[in-house]
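Reader: Before we turn to particulars, could you take me through how the sheet and the core of this model are put together?

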Amino acid sequence: IGVYGADVFIGRHLMRRLIAEGERVRAVSRRFEREFADEIEGQADIVVADLSQPLAMASSLQDIDTVVQ
């Protein structure tokens with residue numbers, strides 16, 4: 001599951017919930033606050049990418065079958 005906007009309020013809560021449920025999750029955001037990145041490190045893939053950059057977005061979708069934005 002790819003969570004786009006993972007480092008904003010709703011994205012953070014969704015990430016925590018999906019991780020707690022044992023889902024394989026990829027967190028995608030333009031930037032990550034260090035505290036949140038440290039919290040989910042090792043439990044989710046963390047990808048820094050900007051939606052306005054097509055190549056970055058395309059690579060962030062690799063092996064993802066569900067996207068939440």
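Author: Two strands pair if DSSP finds at least two bridges between them, and helices (H or I, at least four residues) and strands (E, at least two) are DSSP runs numbered from the N terminus. This is a predicted model, in which local features need pLDDT of at least 70, side-chain atom pairs count only at pLDDT 80 or more, and totals for chains, interfaces and linings use all residues. Residues are numbered from 1 along each chain as its sequence is written, and side-chain values use heavy atoms, with hydrogens and water left out.

Reader: What is the order of the four strands in the open sheet?

Author: Strand S1 (residues 2-4) pairs with S2 in the parallel sense over three bridges, while S2 (residues 26-29) pairs with S3 (residues 45-48), also in the parallel sense, over four bridges. S3 and S4 (67-68) each have a single partner strand, so one side of each is left without a neighbour in the sheet. The order is therefore S3-S2-S1-S4.

Reader: Which residue of S3 stands opposite Arg-26?

Author: Arg-26 belongs to the pairing of S2 (residues 26-29) with S3 (residues 45-48). Its opposite number in S3 is Asp-45.

Reader: Which elements give two or more residues to the largest nonpolar core?

Author: A nonpolar core is a set of buried (under 20% relative accessible area, 1.4 Å probe, protein chains only) Ala, Val, Leu, Ile, Met, Phe, Trp, Tyr and Cys residues joined through side-chain atoms within 4.5 Å. The largest has twelve residues, including Met-15, Leu-18, Phe-36 and Ile-40. The elements that give two or more are helix H1 (9-20) and H2.

Note on methods: Buried < 20%, exposed > 50% of the residue type's maximum accessible area, 1.4 Å probe, protein only.
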